[in-house]
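Me: I should like to go through this structure with you. Could we start with the terms and then move to the details?

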Amino acid sequence: MAQPLVKKDDDRDDEEYSPFLGIEKGAVLQEARVFNDPQLDARRCSQVITKLLYLLNQGETFTKIEATEVFFSVTKLFQSRDIGLRRMVYLMIKELSPSADEVIIVTSSLMKDMNSKTDMYRANAIRVLCRITDGTLLTQIERYLKQAIVDKNPVVASAALVSGIHLLQTNPEIVKRWSNEVQEAVQSRAALVQFHALALLHQIRQNDRLAVSKLVTSLTRGSVRSPLAQCLLIRYTSQVIRESASNTQTGDRPFYDFLEGCLRHKAEMVIFEAARAITELNGVTTRELTPAITVLQLFLSSSKPVLRFAAVRTLNKVAMTHPMAVTNCNIDMESLISDQNRSIATLAITTLLKTGNESSVDRLMKQITNFMSDIADEFKIVVVEAIRSLCLKFPLKYRSLMNFLSNILREEGGFEYKKAIVDSIVILIRDIPDAKEGGLLHLCEFIEDCEFTYLSTQILHFLGIEGPKTSDPSKYIRYIYNRVHLENATVRASAVSTLAKFGAMVDSLKPRIFVLLRRCLYDSDDEVRDRATLYLNTLGGEGEVVETDKDAKEFLFGSLDVPLVNLETSLKAYVPSEEPFDIHSVPKEVKTQPLVEKKAPGKKPAGLGAPPSGPATTVDAYERLLSSVPEFSNFGKVFKSSAPVELTEAETEYAVNVVKHIFDRHVVFQYNCTNTIPEQLLENVIVIVDASDAEEFSEVASKPLRSLPYDSPGQTFVAFEKPEGVPAVGKFSNMLRFIVREVDPSTGEPEDDGVEDEYQLEDLEVVSADYVLKVGVSNFRNAWESMDPDDEKVDEYGLGPRENLTEAVNAVISLLGMQPCEGTEVVPSNSRSHTCLLSGVYIGNVKVLVRLQFGIDSQKEVAMKLAVRSDDVAVSEAIHDIVASG
Amino acid sequence: MLMAVLISNSVGNILVERFNGVPSEERLHWRSFLVKLGADNLQRASNEELFVASHKSVHIVYTVLGDVCIYIVGKDAYDELALAEVMFVITSLIKDACKKSPTERLFLDKYGKICLCLDEIFWKGIVENTNKERIKRLTRLKPPGEF
């Protein structure tokens, strides 16, 4: 390399000099001027290109001017006949990805290469042209590309096919015209051409079920040469099987024989793909599974780590639905616990934890104990979660599993790992009553030496709720009070609250708690002192010891019935004045998260999880928007704003969705409109609503949108009056009416004359769920027990035949529009019964809690018992009415 | 889709990186995550021993070859087996280009050639070629042998 070699580190031997040491962008750009020399030095030019590639690969960026300059210089290199240099030039042009106005410079050279007699020039020119081209140029070269797809040289054909795969993303209409040529290429004798052609053909036809089915049928009968193509075929076949959903009762699943035949293919990747496809079949039977499990079992003892990993990963998934089918592999998997690749070992252990029976738990735990010391935290977390499920499966084994958890809790580990263990212990304490006292003591010992403030405070909170209910609450006091001496202010404040809870619940401990709380009055932190003062007053500590009244308990144990995020926003907006802050002014609605932020909806919440809360920004935005319309000023405060409901299909000319704002006596529909046609300007946009199927509603106001330019969303509103406090429901049909003015694309100026036009939108419904706010509670049991059992309304309902319990649970949750609590919306697979807990606030600010118990029989008939508690019996009855009429 | 191919030296400095479909703000995260994965597991690994990891639908196959560590990240259809296939062809081509297991110096000496090989193996997240002999000929603009 041209760069002088300088020794960069005395400790390194001389092998370690870097040819790029001290490389600097400015200098390389200077060097790139050699591309302009009249006598090109091909070797030197290649070296400079290598340096440019190195810079780009190091994350260096070129400014627009620099990139343009390099690009123009590189195009000069087409003059050279040096083959090595030409290959580098192709790569460099792709890396620089020139802008549309620069592409023209290189097009003619590439077009020349594309028609060259040298096949390799043709192949590379196709690859480069397709990567830098736009739609207009593509139409010009389309003829050559179609020829190239069926070129007898497989490299040229592959280049055109792969380019087609890339171009399908940007110019689908053009690429779809090539399907005859691609179809021909699928029959090619060259393995790679067949692979690329199959991939492209499937992408072209992926929305045409019949065509995909025909393709699969013909190819499964014929011979596919490349193992890669065979893998694709297996995937497409699984897709066809999934979509055909034919009767599997008779055992004649279409294409099963093909998949099973692939298990005897000579390429391992094909065998594995077929095995995995079989394990993922819907409602797969044990008979169908057996041959697939057998080959996966063989892979478990393969010398190739990738095969072992792939096999154990697949078996891990099978173990979730068919644990018995995997038990034959247990011995092979036990030997994988010592696999050097820790990912394989972890998967083996978690699979064994799923397939093991009660008698093997102790042996397994012994093996895991040795294994835990030498794996990273992220693997440990997976194991801890698997142990938690195992313990819930075999509650009698809680002693050894709880001991295991407490032992690993004492060892070194990061926050996430410790949190996973603590969460598991908390869940076991909640679900297995016998494990409670032991578990609480483990947690107490942990906080004696816990470096994580978050975990200490969460455990103290949990101790405050569960500790007083144990047989000997006094034994926990020492651990709690130690925190007041030894910890930071946050933990000290938590400890004070926990002490107060013990004082409130256990009258015999009260005098001693008062002594401890009084000592906290001299703490150096004001929050700790404030809390101690507050609790001493609440519990009556200043005078003589009296029985703690209901209000104090409600204050200490009741849940904060507003989402914390909303409270925070309201407090920030509160301006200090004569009027005190009113907590009832805080909106209670939990907003659903925007789509991009949604994460794993099925994931169970952690044991110590706080009640769900959401961003308050949407609430604020709606409030601001509604308050800007004078016609709505006397409607009062919004009770609930729904999530947007789409009234048009995706990719239509005008995109409209609607948000329903519910007030005490009014409903406002906010139509969010977007004009997706650049050549049009819409004016006086309004939605004409026909409310003839919504008898209790009468239209009182509407606010048109004056102007709706292209791609700049706007809102129009329609308001209705309805009877106060009544959950009126109804169906509304909508018509978008507007004046359309054509826009001159060159100037952007609209024409003077406009034409009135209409656009039919989907119907909209106001349903009962619109009158219920999703408001969570932090502890459902406490909240439930604090409501009067005499006002509970219970009834049973038949929900008819359902696919499974999950479907039934989701249907009732969305019907009621309430907040699922404690992760009970997730139904374990194959469950025959399930309890789901919901909470919410009914219109009129009435708190309501619902306990749903579901059962499913062998005919898939679902029965449900609905128990409702609320502060107002009428509301409980209303909830029953919603279910009865839904 | 092939989300990333990263080649680093033994102390984690990046020599080659190709991302596809990974937003630029997430690249730093991936870079440090992969280098840490290598530091945790590849220290005692033998040459070309494959390591595998996966999270949800994202798979990672990584290995050490002489002084360089190679990481490949794929998702969906690009599962561990497909990635292993790509890894196999990358390692054999690097060995051939450097004539033996590469030191960092040898790797950088053959940097241009290695870039050309990678260009033939994959582009923008799609694998194009996995046949070593063929790729070697294509990087010299020679038609493949079987043709």
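Reply: Certainly; a residue is called buried when its relative accessible area is under 20%. Please note that this is a predicted model.

Me: Then is Cys130(A) buried or exposed?
Reply: Cys130(A) has a relative accessible area of 7%, so this residue is buried.

Me: And where does Cys115(B) stand, buried or exposed?
Reply: Cys115(B) is buried, at a relative accessible area of 0%.

Me: How many disulfides are there over all chains?
Reply: Searching the whole structure gives zero disulfides.

Me: Why is there no bond from Cys115(B) to the closest cysteine sulfur?
Reply: The closest cysteine sulfur belongs to Cys117(B) and lies 9.2 Å from the sulfur of Cys115(B), which is too far for a bond. The cut-off for a disulfide is a pair of cysteine sulfur atoms within 2.5 Å.

Me: Changing topic: at what angle do H4(B) and H5(B) pack?
Reply: Helix H4 of chain B (residues 111–121) and helix H5 of chain B (residues 132–139) pack at about 120°, and their axes are 9 Å apart. H4(B) is therefore oblique to H5(B). The crossing is right-handed.

Me: Which residues make that contact?
Reply: H4(B) contributes Leu116(B), Cys117(B), Glu120(B) and Ile121(B), while H5(B) contributes Ile135(B), Leu138(B) and Thr139(B). By class, five residues are nonpolar, one is polar and one is charged.

Me: Lastly, where is Thr279(A) found?
Reply: Thr279(A) belongs to helix H15 of chain A, residues 268–279. Thr279(A) is buried, with a relative accessible area of 14%. Beyond its neighbours within four places in sequence, its contacts include Val284(A), Leu289(A) and Val318(A).

Conventions: Residues numbered from 1 in each chain as written. Chains lettered and ligands numbered in written order. Predicted model: local features only at pLDDT ≥ 70, side-chain atom pairs only at ≥ 80, totals over all residues. Heavy atoms only, no water. Axes fitted to C-alpha atoms, helices over the stretch in contact; angles between N-to-C directions. Helix = DSSP H or I, 4+ residues; strand = E, 2+ residues; numbered from the N terminus. Parallel < 35°, antiparallel > 145°, perpendicular 65-115°, else oblique. Left-handed = near helix turned anticlockwise from the far one by under 90°. Contact = heavy atoms within 4.5 Å. Nonpolar A, V, L, I, M, F, W, Y, C, P; charged D, E, K, R; others polar. Buried < 20%, exposed > 50% of the residue type's maximum accessible area, 1.4 Å probe, protein only.
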